[in-house]
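The exercises below ask the reader to work from the coordinates to a reasoned description, one step at a time. Please look at the sequence and the model before reading each solution.

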Amino acid sequence: MRVGSLLELEPGDLIFYEGVYYNEATKKPKHDIVHVEIFTGSGINGEGVIGSREQKKWVKEYEDYRIENSKRWKLIRYHFCKIDTWLDGICQSFCEEHNRPTKKGSRRVSPKSVFATCESGSSDVQNAEDVYVDYSKHPNI
């Protein structure tokens with residue numbers, strides 16, 4: 001769920017980076033989201049994140065979520081997003097353009113998803129059948 005400012009984020013929430021690729025041949029991503037990092041709240045100003053800012057490099061912690069420049073894309077804006085709905089098991093897109101449920105009131109959940117449950121009682125999620133989340137049970141959606 002998108003929020004208005006960094007002040008509303010808690011560790012584990014996400015920061016999406018909307019931008020435009022310099023190379024026009026690069027496929028345009030949905031909503032121009034070119035990067036994402038995990039907010040930690042660490043750092044001198046409490047604005048720390050974890051992410052991978054260099055192509056084909058490592059994930060590491062950064063003191064500040066701001067990216068001054070990227071060799072691959074130009075920043076347009078930041079989107080601060082809480083993951084509370086995901087943690088509550090509600091894996092719904094709030095985007096009208098990309099919210100395509102597979103059956104009325106439900107959306108297919110991949111067996112590899114953190115929201116998948118094992119129908120057979122097995123702890124091996126990879127062997128689980130397709131799982132559907134019933135959004136009619138979540139009145140806040």
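**Exercise 1. The sheet**

In which sense do S4 and S5 pair, and over how many bridges?

Solution. The model is a predicted one, in which local features need pLDDT of at least 70, side-chain atom pairs count only at pLDDT 80 or more, and totals for chains, interfaces and linings use all residues. Residues are numbered from 1 along each chain as its sequence is written, and side-chain values use heavy atoms, with hydrogens and water left out.

Step 1. Begin with the elements, where helices (H or I, at least four residues) and strands (E, at least two) are DSSP runs numbered from the N terminus. The protein chain has 1 helix and 8 strands, and from the N terminus on these follow the order β-β-β-β-β-β-α-β-β.

Step 2. Turn to the pair itself, bearing in mind that two strands pair if DSSP finds at least two bridges between them. S4 and S5 pair in the antiparallel sense, over 3 bridges, and Val-49 stands opposite Tyr-62 in S5.

Step 3. Place the pair in its sheet: 6 strands form an open sheet in the order S1-S6-S2-S3-S4-S5, with antiparallel pairing. S1 and S5 are the edge strands, each of them pairing on one side only.

**Exercise 2. Salt bridges across the sequence**

Determine how many salt bridges the structure holds, and describe where the partners of Asp-13, Arg-53 and Arg-66 lie.

Solution. Step 1. Apply the criterion, a side-chain nitrogen of Lys or Arg within 4 Å of a carboxyl oxygen of Asp or Glu; the structure holds 8 salt bridges.

Step 2. Asp-13 forms one of them with Lys-82, with the closest N and O atoms 3.0 Å apart. This pair links distant parts of the chain, since Asp-13 is in the loop between strand S1 (2–3) and strand S2 (14–21) and Lys-82 in the loop between strand S6 (73–81) and helix H1 (84–87), 69 residues apart. For burial, the cut-offs are under 20% relative accessible area for buried, over 50% for exposed and partly exposed in between (1.4 Å probe, protein chains only). Asp-13 is buried at 2% relative accessibility, and Lys-82 is buried with a relative accessible area of 10%.

Step 3. Arg-53 forms a salt bridge with Glu-37, the closest N and O atoms being 2.8 Å apart. Arg-53 lies in the loop between strand S4 (49–51) and strand S5 (60–62), and Glu-37 in strand S3 (residues 33–39), so the pair ties together parts that are 16 residues apart in sequence. Arg-53 is partly exposed at 27% relative accessibility, whereas Glu-37 is buried at 1%.

Step 4. The side chains of Arg-66 and Glu-47 meet in a salt bridge at 2.5 Å, N to O. Here Arg-66 is in the loop between S5 and S6 and Glu-47 in the loop between S3 and S4, 19 residues apart. Arg-66 is partly exposed, with a relative accessible area of 34%, while Glu-47 counts as buried at 15% relative accessibility.

Step 5. Examine the surroundings of Glu-47, taking contact to mean heavy atoms within 4.5 Å. Not counting residues up to four places away in sequence, Glu-47 touches several residues, including Leu-6, Phe-39, Tyr-65 and Arg-66.

**Exercise 3. Nonpolar core and surface patch**

Which elements give two or more residues to the largest nonpolar core?

Solution. Step 1. A nonpolar core is a set of buried Ala, Val, Leu, Ile, Met, Phe, Trp, Tyr and Cys residues joined through side-chain atoms within 4.5 Å. Of the 14 residues in the largest such core, those that touch the most other members are Leu-6, Leu-9, Ile-15, Tyr-17, Tyr-65, Trp-73 and Phe-80.

Step 2. S2, S3 and S6 are the elements that give two or more residues to this core, and the largest share, 3 residues, comes from S2.

Step 3. Follow Phe-80 outward: leaving aside neighbours within four places in sequence, Phe-80 is in contact with residues among them Met-1, Val-3, Leu-6, Leu-9, Ile-15 and Tyr-65.

Step 4. Finally, consider the surface. Val-59, in the loop between S4 and S5, counts as exposed at 59% relative accessibility.
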